Amino acid sequence: MAEEPAAGRKKFGGPPEGAKNPYWILPWKGPYEVKIGRALITMVEPHVGHERAYNRWYEDDHFYAGAMAFPWMMAGRRWVAPRRLSALRYPEQSPIADPITAGPYITVYWVVDGQFDGMFKWSVSVNQRLADDDRIHHERTHLYTSFQSHQVTVYRDGEAGPRDIHALDYPYAGMVMEVVDAPDAAGRGALLDWLCGDYVPEVLAGTPVAMCVLFNPEHMPGGPDSHVQDTPGIENRVTLLYFCEQDPAELWDDVFAHNGDKVAAGGLGQIVFSSPWIPTLPGTDTYVDELR
């Protein structure tokens with residue numbers, strides 16, 4: 001039963017009568033709960049010699065014009081893996097990055113649940129306009145970029161602290177991404193159940209890691225003509241994002257370094273990429289000289 005409006009409070013019930021402008025109409029369409037529906041996860045390798053130019057383009061222009069200004073894109077944050085962190089990555093042979101140290105920058109965005117279609121159409125149109133206006137930096141390669149559907153969030157302390165909707169705004173000291181592959185697409189469901197029911201709670205217990213947000217990557221809309229291509233094996237894959245209260249290098253040996261063996265022992269999949277990251281310092285070129 002709909003809640004009655006408070007005494008004297010006007011109930012609008014929809015856009016202004018006779019409104020035709022979509023800016024009046026679209027906010028009334030579809031869900032608008034503060035809830036993660038999808039993430040855009042984009043891991044990128046700036047070409048050698050173009051690191052500083054790429055960083056300035058992304059932070060000064062593309063992070064905002066190419067993402068955060070979109071309707072229904074509710075949060076975003078950039079992360080970086082300087083060489084002291086990329087040196088910790090494993091396994092040495094990975095379908096995500098070759099060599100394993102490639103791809104020092106990753107950006108994560110949250111998309112409001114149920115509003116992906118409208119957000120994506122806006123994204124395509126804006127990026128076409130940016131391309132026409134020569135506001136795309138071409139000296140870069142996408143290594144692991146896709147929209148990914150939110151599956152579950154596992155918290156160390158329940159929901160007493162920051163929740164997943166806050167994870168890209170709360171000042172976490174670092175993030176760790178694990179990419180886990182089932183043997184085939186049919187096995188991804190069982191893998192996901194084991195990850196969130198057994199494996200992740202054990203990883204989080206008693207550590208400075210507050211939560212893990214789990215996603216299934218999806219095929220990039222637009223198919224083979226898109227400038228961003230799917231990483232092979234996407235149907236088998238689960239992405240885990242851990243949000244850390246300390247620099248992940250300080251936790252690596254105790255919390256993350258041996259997780260490949262733990263996942264393999266579970267018998268349902270294998271870690272094909274694991275990397276620690278720290279936040280960029282927006283508006284600066286901090287870490288640019290520490291990537292290679």
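Begin with the aromatic rings: the structure holds 19 aromatic pairs, where rings of Phe, Tyr and Trp (its six-membered ring) pair if their centres lie within 6.5 Å, with planes under 30 degrees apart counted as stacked, over 60 as edge-to-face and the rest as tilted. Before you select any of them, note that this is a predicted model, in which local features need pLDDT of at least 70 and side-chain atom pairs count only at pLDDT 80 or more, while totals for chains, interfaces and linings use all residues. Residues are numbered from 1 along each chain as its sequence is written, and side-chain values use heavy atoms, with hydrogens and water left out.

**Rings**

Select Tyr90 and Trp252, an edge-to-face aromatic pair with 6.3 Å from centre to centre and 65° between the planes. The two belong to distant parts of the chain, 162 residues apart, with Tyr90 in the loop between helix H3 (83-86) and strand S3 (105-112) and Trp252 in helix H6 (residues 248-256); helices (H or I, at least four residues) and strands (E, at least two) are DSSP runs, numbered from the N terminus. Tyr90 is buried, with a relative accessible area of 15%, and Trp252 also counts as buried, at 4% relative accessibility; here buried means under 20% relative accessible area, exposed over 50% and partly exposed in between, with a 1.4 Å probe and protein chains only.

Next, select Trp79, Trp110, Tyr170, Tyr172, Phe215 and Phe243 together, which ring pairs link into a cluster.

Two arginines can then be shown with a ring each. The charged end of Arg38 sits over the ring of Phe116, 4.4 Å from its centre, and that of Arg78 sits over the ring of Tyr105, 4.6 Å from its centre. The criterion is that NZ of Lys or CZ of Arg is within 6 Å of the ring centre and within 35 degrees of the ring normal.

**The barrel**

Switch to a cartoon view and follow the strands in the order S1-S3-S2-S8-S5-S7-S6-S4, which make a closed barrel of eight strands with antiparallel pairing; two strands pair if DSSP finds at least two bridges between them. The twist averages 35° from one strand to the next, with axes taken as lines fitted to C-alpha atoms, for helices over the stretch in contact, and angles running from 0 to 180 degrees between N-to-C directions.

Select strand S1 (residues 36-46) and strand S4 (residues 140-159), which run antiparallel and are joined by nine bridges. Within this pairing, Met43 has Tyr144 in S4 as its bridge partner. Now add helix H5 (residues 188-204), which packs on the sheet and touches S4, strand S5 (174-181), strand S6 (209-217), strand S7 (237-244) and strand S8 (270-279), its direction making about 20° with that of S7; contact means heavy atoms within 4.5 Å.

Which residues point each way from S5? Gly174, Val176, Glu178 and Val180 point one way, Met175, Met177, Val179 and Asp181 point the other way, and all are buried. In a regular strand the side chains alternate between the two faces of the sheet. Colour the partners of S5 as well: S5 and S7 pair in the antiparallel sense over eight bridges, with Asp181 standing opposite Arg237 in S7. S5 and S8 also pair in the antiparallel sense, over seven bridges, and Met177 has Ser275 in S8 as its bridge partner.

**Charged pairs**

Finally, turn to the salt bridges, of which the structure holds 16, each being a side-chain nitrogen of Lys or Arg within 4 Å of a carboxyl oxygen of Asp or Glu. Select Arg292 and Glu51, whose side chains meet in a salt bridge (2.7 Å, N to O). Because Arg292 lies in the segment after S8 and Glu51 in helix H2 (residues 51-68), the pair ties together parts that are 241 residues apart in sequence. Arg292 is partly exposed, with a relative accessible area of 43%, whereas Glu51 is buried, at 11%.

Stay with helix H2 and select Asp61, whose side chain meets that of Arg135 in a salt bridge (2.7 Å, N to O). This pair links distant parts of the chain, 74 residues apart, with Asp61 in helix H2 and Arg135 in the loop between helix H4 (116-132) and S4. Asp61 is buried, with a relative accessible area of 17%, and Arg135 is partly exposed, at 33%.

In the same helix, the side chains of Glu59 and Arg56 meet in a salt bridge (3.3 Å, N to O), and being three residues apart in helix H2 they are separated by about one helical turn. As a last selection, take Arg52, Arg56, Glu59, Asp60, Arg78, Asp285 and Asp289, which are linked in a network of salt bridges.
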